[in-house]
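Please open the structure in your viewer and keep the selection panel at hand. The stops below say what to select and what is found there.

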Amino acid sequence: MPGIPPASTTPPPSADDHPPLFDLGPKGPPVPGGTGNGGGPQIKVSPDALRKFAENIEQLIPLIDVSVAQLNGVNVRAGSFPNAVNLANSINAPGRLTDTVTQVFITGKKTITDTAAAMRKIAADYDKAEELNSITVSDYGRYVAGAMGDVNTLIGIGDASNPAAKGGGSTD
C-alpha cells in the first residue's frame with residue numbers, strides 16, 4: 001500500500017545498548033564463601049571473615065556519597081503549570097522528598113559505619129580468645145546494639161531522637 005512504510009525487522013534496542021543514567025562507580029565487592037574464592041556453600045565465621053564483612057560493607061559508603069551528591073543536584077523546575085508546581089514543591093521543598101531520601105542515605109551510611117565497627121570489635125575480641133564462645137552474649141549484644149538501633153530507625157521502627165528506645169541504638 002503506498003504511503004505506509006514497511007514494518008521494521010530491526011529489533012528494538014536493549015537496555016545493554018544504553019549507558020546508565022548515573023555512573024555510581026564500582027559495583028559492590030564479590031561475596032566470599034567456602035574457601036574464600038566465592039565457591040561453595042560453606043559459611044565461615046572467623047576474625048578474618050568478620051573483618052572482610054566490615055571491609056565489604058564499607059565499600060558501599062562511596063556509593064552512598066555519590067547518591068547523596070547527585071540527589072543534592074536535583075532541582076525540579078515546574079514552569080507555570082499548577083500541577084507541575086505542586087510536583088516540584090513535593091520534591092524540592094525543605095522536608096520533602098529530596099530531604100527525606102537524603103536522610104535515609106545518611107542513616108544508612110551511619111548504620112554501615114556502626115556495623116563495620118562492631119564487626120571489627122568482635123573480630124578483635126575473637127583474636128584474643130581461644131574460641132568465639134568466650135565472647136559473652138551480653139558482649140555481643142552490646143557490640144551490635146548500636147548498629148541494630150540504627151537499622152531499626154532506618155526502617156521506621158526506631159526513634160531517631162532516642163535510638164535506645166526501640167531496639168537499641170547508638171548512644172555515642
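The tour goes through helix packing, salt bridges and one buried side chain, and the model it follows is a predicted one.

**First stop: H1 against H4**

Begin by selecting helix H1, residues 47-58, together with helix H4, residues 97-128. Two packed helices are described by the angle between their axes and the distance between the axes. For H1 and H4 the angle is about 165° and the axes are 8 Å apart; angles over 145 degrees count as roughly antiparallel, and the two helices are therefore roughly antiparallel to each other. The crossing in which H1 passes H4 is left-handed.

Now show the side chains at this contact: from H1 it is made by Pro 47, Leu 50, Arg 51, Phe 53, Ala 54, Glu 55, Ile 57 and Glu 58, and from H4 by Ile 112, Thr 115, Ala 116, Met 119, Arg 120, Ile 122, Ala 123, Ala 124, Tyr 126 and Asp 127. Coloured by class, the contact of H1 with H4 shows 12 nonpolar, 1 polar and 5 charged residues.

**Second stop: salt bridges that involve H1**

The structure holds 6 salt bridges, and two that involve H1 can be selected here. Take Glu 58 and Arg 120, whose closest N and O atoms are 2.8 Å apart in a salt bridge; because Glu 58 lies in helix H1 and Arg 120 in helix H4, the pair ties together parts that are 62 residues apart in sequence. Glu 58 is partly exposed, at a relative accessible area of 27%, and Arg 120 is also partly exposed, at 34%.

Next select Arg 51 and Asp 48, whose side chains meet in a salt bridge at 3.2 Å, N to O. These two residues are 3 residues apart in helix H1, so about one helical turn separates Arg 51 from Asp 48. Arg 51 is partly exposed, with a relative accessible area of 29%, whereas Asp 48 is exposed, with 52%.

**Third stop: H2 against H4**

Keep H4 selected and add helix H2, residues 61-72. The axes of H2 and H4 come within 10 Å and cross at roughly 165°, which makes H2 roughly antiparallel to H4. H2 passes H4 in a left-handed crossing.

To display the contact, select Ile 61, Ile 64, Asp 65, Ser 67, Val 68, Leu 71 and Asn 72 of H2, with Thr 98, Val 101, Thr 102, Phe 105, Gly 108, Lys 109, Ile 112 and Thr 113 of H4. By class, this contact of H2 with H4 has 7 nonpolar, 6 polar and 2 charged residues.

Within this selection, pick out Lys 109 and Asp 65, whose side chains meet in a salt bridge at 2.8 Å, N to O. The pair links distant parts of the chain, with Lys 109 in helix H4 and Asp 65 in helix H2, 44 residues apart. Lys 109 counts as partly exposed at 29% relative accessibility, and Asp 65 is partly exposed as well, with a relative accessible area of 36%.

**Last stop: Thr 107**

Finally, select Thr 107, which has its place in helix H4. Is Thr 107 buried or exposed? With a relative accessible area of 16%, Thr 107 is buried. Leaving aside its neighbours within four places in sequence, Thr 107 is in contact with Asp 150 and Leu 154, so these two residues, which can be shown together with Thr 107, complete the tour.

Notes:
Residues are numbered from 1 along each chain as its sequence is written. This is a predicted model: local features need pLDDT of at least 70, side-chain atom pairs count only at pLDDT 80 or more; totals for chains, interfaces and linings use all residues. Side-chain values use heavy atoms; hydrogens and water are left out. Axes are lines fitted to C-alpha atoms, for helices over the stretch in contact, and angles run from 0 to 180 degrees between N-to-C directions. Helices (H or I, at least four residues) and strands (E, at least two) are DSSP runs, numbered from the N terminus. Angles under 35 degrees count as roughly parallel, over 145 as roughly antiparallel, 65 to 115 as roughly perpendicular and the rest as oblique. A crossing is left-handed if the near helix is turned anticlockwise from the far one by less than a right angle, and right-handed if clockwise. Contact means heavy atoms within 4.5 Å. Ala, Val, Leu, Ile, Met, Phe, Trp, Tyr, Cys and Pro count as nonpolar, Asp, Glu, Lys and Arg as charged, and the others, Gly among them, as polar. A salt bridge is a side-chain nitrogen of Lys or Arg within 4 Å of a carboxyl oxygen of Asp or Glu. Buried means under 20% relative accessible area, exposed over 50%, partly exposed in between (1.4 Å probe, protein chains only).
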